[in-house]
Amino acid sequence: MKTLIKNGFIVERENELNQVDVWIEEGKIKALGHFDSEVLSFDNIIDAKGGLIAPGLVDVHVHFREPGFEYKETIATGSASAAKGGFTTVCAMPNLKPVPDNAATLEDINQRIEATSQVKILQYASITKDLNSEELVDFKSLKKAKAFAFTNDGVGVQTAGTMYLAMKEAAKLDMAIVAHTEDESLLFNGVMHKGKVSEKLGLPGIMSATESSQIARDVLLAQETGVHYHVCHVSTKESVEVIRQAKKHGIHVTCEVCPHHLIMTDQDITHDHGNFKMNPPLRANEDQQALIDGLLDGTIDCIATDHAPHSCCEKNQSMVDSPFGIIGSETAFQLMYTHFVETGKFTLEQVVYWMSTAPSRIFKLDTGTLGINSDADIAIFDLETENEIEDNFASKSNNTPFIGEKVKGETLYTLVNGKLVWHKGE
């Protein structure tokens, strides 16, 4: 099968857009250039309509809820949501039921992925049995069963000794420990960032130290063990500084930031509603600026969505009673492009790098590039047309505070191994 993408642009150094055709054959990128479609007889021609041709986006942090919570999301709907957002590879968290804390359960999930996913899904295994225990999983058997990495996302590993032993086991296997950092002894039933807004709304707050103190513990353990330690959804200025100093000392630590923490602060929480509740919470203005600065100076390595779907009845209530999390797969690129590229704060090249190339390099994935002979994992975005984020998601859920916002950067096409998995209008 020969496919040609024509009338599109790729972004190169200095944010320069260059028109180019992409020749795809047998699921790989065969050539970039300008080709006569009539002479070469392509089986399929995709008109990019002047849009951006980018390597497929890579999201190292999603929740697809299957098995156990299919009323929120399934592998099928989650992968459709990812494809609609331009993501071609995503990494799914293990807070499922049953938890993938053994080879048999992980193999079952991978079979479900093979059967129903539209994009490439790499499945995390947990660090401990049933996520919140202190008993370590069998790291070796889970690696053999194709675990992507190890994480207890949603639950911070509370005991330093448990994390140390886990890091030792992961390091032996050249696998990453991916950490949701939250000291539960400092949580005090908080539901949003502790500050003037939480006081005004009469809601219990979450201190910044709840996150940063556990990162400080873990980077020293990572130094001791030599493991690749990756921090999920960094949200505070203190966390950024701890990671910055760890990198200066040669510790193998990487981290991610979410679009919602870059775009919103606790000042944007106008009333007590579950769609504003996420973990970590929306922080203060100085935290937001530290995250932006951290991306620009290389302290923060990549952008991830933490796509966390919940049902309407769960989210349409007070933050006290609502679960943590918002969806993000379908809005991430549009929000980043509109808020940062259109305003001149980031370049288009930087955003594509942070959302595709960087996560691929961090985790040594064979994607995130438009190189010759690479997999034809490609997203095409409309950078000109403004549209409104509407409640018409491919996801089963709609829990996001961004509905109604006007954005540019809508996905026109998404291809995985050269196969069209999303087309606007279909």
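A cavity is a set of grid points where a 1.4 Å probe fits but cannot get out. In this predicted model, three cavities of 30 Å³ or more are found, and the largest has a volume of about 80 Å³. A search of the whole structure also gives 19 salt bridges.

**Cavities**

- The lining of the largest cavity includes His180, Thr181, Glu182, His233 and Arg283.
- By residue class, that lining has three nonpolar, five polar and three charged residues.
- The second largest cavity has a volume of about 70 Å³, and among the residues that line it are Pro259, His260, Ile326, Leu335 and Phe402.
- Six nonpolar, four polar and no charged residues make up the lining of the second largest cavity.
- Helix 9 (259–263) and helix 12 (332–341) each contribute at least two residues to the lining of the second largest cavity.

**Salt bridges**

- Asp375 pairs with Lys28 in a salt bridge, with the closest N and O atoms 2.5 Å apart.
- This pair links distant parts of the chain, 347 residues apart: Asp375 lies in the loop between helix 13 (348–362) and strand 16 (378–382), and Lys28 in strand 3 (residues 28–33).
- Asp375 counts as buried at 15% relative accessibility, whereas Lys28 is partly exposed at 33%.
- Arg112 and Asp108 form a salt bridge (3.0 Å, N to O); they are about one helical turn apart because four residues separate them in helix 3 (residues 103–116).
- Glu410 and Lys424 also meet in a salt bridge (3.1 Å, N to O).
- Lys28, Lys120, Asp375 and Asp377 are joined into one network by salt bridges that share partners.

Key:
Residues are numbered from 1 along each chain as its sequence is written. This is a predicted model: local features need pLDDT of at least 70, side-chain atom pairs count only at pLDDT 80 or more; totals for chains, interfaces and linings use all residues. Side-chain values use heavy atoms; hydrogens and water are left out. On a 1 Å grid over the protein atoms alone, a cavity is a set of points where a 1.4 Å probe fits but cannot get out, and a pocket is an open set with protein on both sides within 12 Å along at least five of seven lines; lining residues have an atom within 4 Å of a point. Grid points are joined across faces, edges and corners, and a volume is the space filled by probe spheres set on the points. Ala, Val, Leu, Ile, Met, Phe, Trp, Tyr, Cys and Pro count as nonpolar, Asp, Glu, Lys and Arg as charged, and the others, Gly among them, as polar. A salt bridge is a side-chain nitrogen of Lys or Arg within 4 Å of a carboxyl oxygen of Asp or Glu. Buried means under 20% relative accessible area, exposed over 50%, partly exposed in between (1.4 Å probe, protein chains only).
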